[in-house]
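Let's take a walk through a protein model together. Have a look at the sequence and the 3D view, and keep both at hand as you read.

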Amino acid sequence: MSSALLESRFFRIIVFTVVQALLSTLIALLAGLPAAFFTARRKFFFRDFLLSLSSIPFCIPSLLVALGYVSFFGNAGALNRLIMHITGAAEPPVTFLYSLAGIVICQGFYNFPLIMSTVSGSWERLSSTEADAARLLGASSIKVFRTITFWQLLPSMVSACIPVFLYCFFSFMIVLLFGSVGTTTLEVEIWQLAKVNLDFSGALKLGAAETALALFFVFNYTAIEQKASSLRGISFKSAQKLRCRINKKEKLPAALFFSAVFIFFLCPLFSIIVKGFSSRQSLSSFTFSNFLHLFSNTGFLKAVHWTLITAFFTGILCTVTAFFYALLLRFFDPKEKHFVFRVIPIIPLALSSVVVGVIITMTVRRGTFVTLIIAQTFLYWPVAFRQIYSDLQKIPQSTIEAARILSRTPLDLISKIYFPVLKKALLRSAGFCFAISAGDSTLPLVLAIPHFDTLSLYTYRLAGTYKFNEACASGVVLGLLCGLIYWGAKKLKAK
């Protein structure tokens with residue numbers, strides 16, 4: 001293949017990656033904004049449940065969401081089987097899944113809770129003074145939103161959209177399962193070049209382009225987030241937390257919105273559970289046979305064993321790294337003026353799991369259990385850092401200065417001041433990183449460690465061999481593990 005053709009193909013892949021990330025983010029925004037409005041301004045029965053969905057993108061791995069979409073929207077999925085049974089159709093009528101539409105719908109609805117939670121919090125604290133004045137002057141509700149509310153919420157909307165865009169930009173597992181011919185992203189192409197074609201030069205070339213683009217978005221995200229925080233300090237002083245019930249004009253849009261969330265978000269997740277407890281012949285036949293077969297399989301038990309060990313050490317190392325970097329930052333840059341100190345925790349956001357895995361493979365040739373933990377620690381410690389540093393900032397500088405004078409060694413300051421105050425944040429961070437590590441199927445797949453399986457990788461391999469019922473049963477176990485650890489960690493709120 002000539003160099004011109006390669007460069008042209010690489011350019012098309014870059015364009016497709018950016019386009020699918022933008023479209024996915026747009027769908028997440030279109031679903032997230034109505035959700036933010038209803039949770040911030042309206043009272044309804046499922047409000048708390050809808051807000052609780054904001055934890056799903058963090059504690060449910062993308063592999064399970066992809067598996068849920070296959071189970072519900074796939075050619076042999078629950079929806080197609082139901083429609084074919086009712087209409088008598090010979091071919092599955094719902095075929096959007098294995099295309100660009102399937103990728104962006106799956107990613108968009110998977111990430112809409114992130115936008116909902118961020119924008120809802122801002123909307124709830126938003127001052128209604130300007131909007132009330134505009135209504136008194138005769139402006140309609142739509143015009144008030146378009147000319148006032150939208151611009152007040154814009155910083156939080158952009159701040160929420162950029163992380164969603166980055167997630168979709170680094171999309172791997174969903175594209176790997178749904179992508180058809182010509183629909184490949186940078187992540188999938190880098191993996192195929194390095195692991196299938198052994199073209200490490202081409203993989204590095206694409207990886208460099210991907211990282212450069214991601215750095216551009218990450219630095220813009222940081223700047224926007226800082227600007228948004230300063231705007232919140234001015235605009236959100238007079239909060240209005242009064243909520244009213246959904247009125248007659250809003251009932252139809254609310255019904256359409258909740259129906260879309262039910263079909264494209266809840267049904268795929270629920271179908272994983274249904275298919276995990278059903279036989280291959282019929283979804284209506286309840287059985288434990290899939291779980292009994294899994295737990296009698298030594299490969300599955302080994303995967304659970306390695307998942308627990310890998311996630312445990314990753315959680316500990318991420319927390320320790322974040323803890324000491326937070327102390328370093330508080331000691332040398334308490335007023336947050338030095339750009340270098342601030343940029344280090346955001347660099348891993350611009351590096352994908354596939355790129356890191358390929359670099360490790362080129363360096364050590366064969367991945368190991370230790371290299372997997374090191375790679376996950378490098379990628380995930382900023383998650384722990386944000387948790388720890390936000391609590392560390394609550395300690396008054398006067399308290400720290402007094403403790404330095406009274407402490408004989410720096411260890412006294414850590415053991416008597418920092419550690420007691422940050423104890424819950426440390427446990428919370430370790431839990432979050434544990435859940436992320438347990439749900440990671442990309443790095444174990446890219447590193448291809450001999451005689452090594454994690455639960456997420458085991459689930460992916462079951463799905464790859466079309467054992468969807470067993471894959472869903474394994475996914476239920478994985479989802480329970482990640483969800484329980486994440487929600488348990490989330491309960492540890494610092495006073």
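What follows goes from the overall build to the interior, then to the charged pairs and the surface.

First things first: this is a predicted model. The protein has 22 helices and two strands, so expect to meet helices at nearly every stop below. Of its 495 residues, 49% count as buried. The accessible surface comes to about 24000 Å², and 69% of that belongs to carbon and sulfur atoms. As for how the chain folds back on itself, take the contacts between residues at least 6 apart in sequence: 79% of them join residues at least 24 apart.

Now let's step inside. Which residues touch the most other members of the largest nonpolar core? In this core of 110 residues, they are Y69, F112 and F178. Pick out F178 in the viewer: leaving aside neighbours within four places in sequence, its contacts are A66, Y69, V70, L97, Y98, S99, G102, I103 and C106. There is also a second, separate core, made of 31 residues, with A326, Y380, I388 and F452 among them.

Aromatic rings are worth a stop too. Searching the whole structure turns up 35 aromatic pairs. One of them brings F295 and F300 together edge-to-face, with 5.1 Å from centre to centre and 80° between the planes. The two partners sit in contrasting surroundings: F300 is buried at 0% relative accessibility, while F295, at 46%, is partly exposed. Y69 and F112, which we met in the largest core, turn up again in an aromatic cluster, along with F72, F73, F96, F109, F264 and F265.

For another look at the interior, find C482 in helix 22, which covers residues 468-490. Is C482 buried or exposed? With a relative accessible area of 0%, C482 is buried. Not counting residues up to four places away in sequence, C482 touches C59, P61, A435, A438 and G439. Take A435 from that list: A435 and C482 are 47 residues apart in sequence, yet their C-alpha atoms are 4.6 Å apart in space.

On to the charges. Side chains of opposite charge can pair when their charged atoms come close. Four salt bridges are found in the whole structure. R47 takes part in a bridge with D48, at 3.5 Å from N to O, and in another with E124, at 3.6 Å. The second of these ties together parts that are 77 residues apart in sequence, because R47 lies in helix 2 (residues 47-52) and E124 in helix 6 (residues 100-124). R47 is buried at 12% relative accessibility and E124 is buried at 18%, whereas D48 is exposed at 59%.

Further along the chain, D391 forms a salt bridge with R428, and their closest N and O atoms are 3.3 Å apart. Since D391 belongs to helix 17 (residues 369-392) and R428 to helix 19 (residues 410-439), this pair ties together parts 37 residues apart in sequence. D391 is buried, with a relative accessible area of 5%, and R428 is buried with 5% as well. Through shared partners, salt bridges join R47, D48 and E124 into one network.

Let's finish on the outside. F11, V15, V19, L23, L26 and L30 make a nonpolar surface patch of about 530 Å². One of these residues, L23, is found in helix 1 (residues 3-41) and is partly exposed, at 34% relative accessibility.

Terms used: Residues numbered from 1 in each chain as written. Predicted model: local features only at pLDDT ≥ 70, side-chain atom pairs only at ≥ 80, totals over all residues. Heavy atoms only, no water. Phe/Tyr/Trp six-rings, centres within 6.5 Å; stacked < 30°, edge-to-face > 60°. Buried < 20%, exposed > 50% of the residue type's maximum accessible area, 1.4 Å probe, protein only. Helix = DSSP H or I, 4+ residues; strand = E, 2+ residues; numbered from the N terminus. Contact = heavy atoms within 4.5 Å. Patch = residues over 30% accessible without salt bridge, like charges linked within 9 Å, V, L, I, M, F, W, Y side chains within 5 Å. Areas by Shrake-Rupley, 256 points an atom, 1.4 Å probe, with all protein chains shown as cover. Salt bridge = Lys/Arg side-chain N within 4 Å of Asp/Glu carboxyl O. Core = buried A, V, L, I, M, F, W, Y, C linked by side-chain atoms within 4.5 Å.
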